[in-house]
Amino acid sequence: SNFTAIAVFTLTAGKRTAHPSSPEVSPLPDNRLQGLGMRVLKVPDLFDLSTIMVSDFSPGGAFGSDTTEPDFGFAFNDSNFSDRVLRIEIMPDSPETKSDGDCCSSIADWARNRKRRREDFKKEIYVVQRQEQVLNCNVPDTVDGLTYENRDDDAVAMIEGSPSDVGLNCNQIGNDTAYDNYSSLNKDHLTVLRVNIIHISSPILAAKSPFFYKLFSNGMTESEQRYVTLPVHASAEEAALLDLLNFMYSNTLSTTTPTALLDVLMVADKFEVASCMRYCSRLLRNLPMTCESALLYLDLPSTVLMADAVQPLADAANQFLAAKYKDVTKFQDEVLNLPLAGIEAVFSSDDLQVASEDAVYDFLLKWARTHYPKLEERRRVFATRLGRLIRFPHMTCRKLKKVLTCNDFDAEIAPKVVLEALFFKAETPHKQRALASEEANAPYRHFLERAYKYRPVKVVEFEKPRQQCVVYLDLKREECAHLFPGGKVYSQAFHLGGQGFFFSAHCHMDQQSSFHCFGLFLGMQEKGPVTFAVDYEFAARSKPTEDYISKYKGNYTFTGGKAVGYRNLFGIPWTTFMADDSNYFINGVLHLRAELTVRQ
């Protein structure tokens with residue numbers, strides 16, 4: 001009964017009867033009406049609750065469904081198709097929230113004004129005292145001493161009773177000056193600037209919004225009243241609410257600017273209109289994305305950002321930032337100035353091009369110390385946000401030792417992440433791949449390896465009877481293919497006897513045979529007059545046994561910046577090395593090993 005009008009018909013059994021003094025009249029068929037130049041509207045039954053209402057607001061129900069919805073635009077603000085009157089009270093903004101112009105001209109202006117509005121109106125209490133008349137009617141509609149709390153992210157509605165025989169003849173949106181007789185309010189109270197009157201259909205609004213559904217059907221006396229009051233802020237919500245109401249009738253928006261769409265999106269979230277949120281999200285995704293707009297989308301209130309309808313927009317913003325700052329080394333200063341949401345978008349990417357996971361750890365530590373100078377705040381942000389961006393299992397053991405003693409991490413968290421990393425390193429390659437695949441759809445991954453510029457190595461160290469290390473380097477077939485015709489790839493650093501070493505794999509031109517070939521070199525990091533003598537042996541897994549087969553061995557005294565190796569490690573041309581039946585790729589992976597021993 002809250003959403004329906006009552007029509008009374010008198011029927012007799014059998015043939016329809018007519019007034020004795022009037023001829024019998026039969027309804028004209030649609031084609032006859034069209035022939036007379038009359039338009040026939042195929043209007044769905046607005047009051048069939050079985051087709052538009054659901055009681056549990058399920059995602060697949062009427063609210064926010066993706067099915068094709070009827071266009072009721074012809075009925076917007078038309079008293080002939082309306083059963084209620086909506087009074088939109090326009091509240092003034094505080095001076096700090098007012099922009100220089102009438103509207104925001106850019107995304108940056110919108111962001112600044114929205115932030116001020118969210119802070120200033122977060123917990124304001126409005127007290128309205130009024131004695132007012134509905135339009136120019138002599139029947140008063142008064143509400144004395146009415147108090148309501150308006151949080152910026154929550155919609156507030158007041159339903160007011162009014163005599164059923166009051167006539168409302170306005171079919172357009174307009175200011176109702178008759179409502180402006182408000183008492184003078186002190187600094188703790190806000191006046192109403194103006195009131196807009198709109199005719200609404202409760203079934204249409206209830207079908208699109210759980211907020212309006214509950215408003216019109218809560219079973220209380222006020223849910224049966226004709227007049228509904230909504231207070232909004234003048235800065236942006238006024239125009240946005242009108243656009244939202246029009247969308248609920250017509251399923252379309254006339255506005256296309258980013259700032260206006262964001263205003264509508266915020267109001268749609270407040271009044272729980274998921275279909276409009278989805279519509280705004282799609283239009284914003286179709287607009288050119290910039291770093292500024294992407295960061296703004298990710299900084300929307302959590303209630304908006306976590307909505308299913310807005311998730312595609314958030315995903316697009318994350319992908320844009322991840323692609324823009326894919327090579328962090330080229331944009332270190334820019335990335336260092338990004339807010340937390342931007343950092344999460346960039347460093348959660350699998351395609352991040354960094355030297356190693358150690359570099360990720362060092363950069364995030366630097367960023368946190370810059371943006372969170374207080375130790376307590378820094379520990380909190382590492383525990384809740386930043387820590388999940390670091391893939392500790394792919395850090396070197398030397399860096400993991402530093403994590404244990406790092407004061408920026410909580411004393412309980414650091415041992416846990418380091419222990420998890422060490423357990424992962426100890427697993428077999430098959431188990432490691434399984435762990436990585438299990439988290440393939442997770443928003444934050446720990447075990448999946450990034451596209452590091454320096455390839456990870458596995459190192460087994462021995463102290464006795466002599467200082468020795470065994471180093472394993474795996475290269476995928478695709479990585480080797482990218483080396484042709486003259487590329488190179490470096491491994492992460494590893495240490496022996498206090499000195500840092502690295503591998504470098506090359507595609508070389510064999511000077512004697514004039515063909516390309518695969519080469520492997522071992523270099524020492526330290527430069528300068530340092531000398532260091534080692535015995536070395538290079539080996540690779542080979543078919544059919546798939547055991548490591550020694551290729552070269554020798555000894556070498558390193559000096560700063562020098563390297564030792566072989567231009568043609570396998571003694572075959574590049575084409576034979578990369579062939580489908582190559583003996584050196586096992587399940588698409590080239591397995592290399594080097595044994596280094598400090599010479600006495």
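In this predicted model, Cys280 is buried, with a relative accessible area of 0%. The cysteine sulfur closest to that of Cys280 belongs to Cys276 and lies 4.1 Å away, which is too far for a bond. Cys507 is likewise in no disulfide, the nearest cysteine sulfur being that of Cys517 at a distance of 7.2 Å. Cys507 counts as buried, at 5% relative accessibility. Over the structure, the number of disulfides is zero.

Strand β1 spans residues 84-91, and eight of its eight residues are buried. In a regular strand, side chains alternate between the two faces of the sheet. In β1 both faces are covered: one side carries Arg84, Leu86, Ile88 and Ile90, and the other carries Val85, Arg87, Glu89 and Met91. Two strands pair with β1. Strand β6 (residues 194-200) runs antiparallel to β1 and is joined to β1 by seven bridges, with Ile197 as the bridge partner of Arg87. Strand β7 (residues 227-233) pairs with β1 in the parallel sense, also over seven bridges; here Leu230 stands opposite Ile88.

Arg391 is located in the loop between α15 (375-386) and α16 (397-405). Arg391 is buried, with a relative accessible area of 1%. Its side chain reaches the backbone oxygen of Arg445 at 3.2 Å. Beyond its neighbours within four places in sequence, Arg391 is in contact with several residues, among them Ser348, Ser349, Asp350 and Glu357, as well as Arg445, His446, Glu449 and Tyr452.

Aromatic pairs number 33 in the whole structure. One of them is formed by Phe211 and Phe271, which meet edge-to-face with 5.2 Å between centres and 80° between the planes. Phe211 belongs to helix α5 (residues 210-217), whereas Phe271 is in the loop between α7 (258-270) and α8 (274-286), so this pair ties together parts that are 60 residues apart in sequence. Both rings belong to buried residues, with relative accessible areas of 12% for Phe211 and 2% for Phe271. Tyr556 and Phe558 also form an edge-to-face pair, because their planes lie at 75°, with the ring centres 4.9 Å apart. Within this pair, Tyr556 is partly exposed, with a relative accessible area of 25%, whereas Phe558 is buried, at 0%. Tyr556 and Phe558 are part of a cluster linked by ring pairs, which also includes Phe494, Phe501, Phe503, Phe532, Tyr536, Phe538, Tyr552 and Tyr566. Elsewhere, the charged end of Arg477 sits over the ring of Phe585, at 4.3 Å from the ring centre.

Methods. Residues numbered from 1 in each chain as written. Predicted model: local features only at pLDDT ≥ 70, side-chain atom pairs only at ≥ 80, totals over all residues. Heavy atoms only, no water. Helix = DSSP H or I, 4+ residues; strand = E, 2+ residues; numbered from the N terminus. Buried < 20%, exposed > 50% of the residue type's maximum accessible area, 1.4 Å probe, protein only. Polar contact = N/O pair within 3.5 Å; in protein donor to acceptor, adjacent residues only side chain to side chain. Contact = heavy atoms within 4.5 Å. Pairing = 2+ DSSP bridges. Disulfide = S-S within 2.5 Å. Phe/Tyr/Trp six-rings, centres within 6.5 Å; stacked < 30°, edge-to-face > 60°. Lys NZ or Arg CZ within 6 Å of the ring centre and 35° of its normal.
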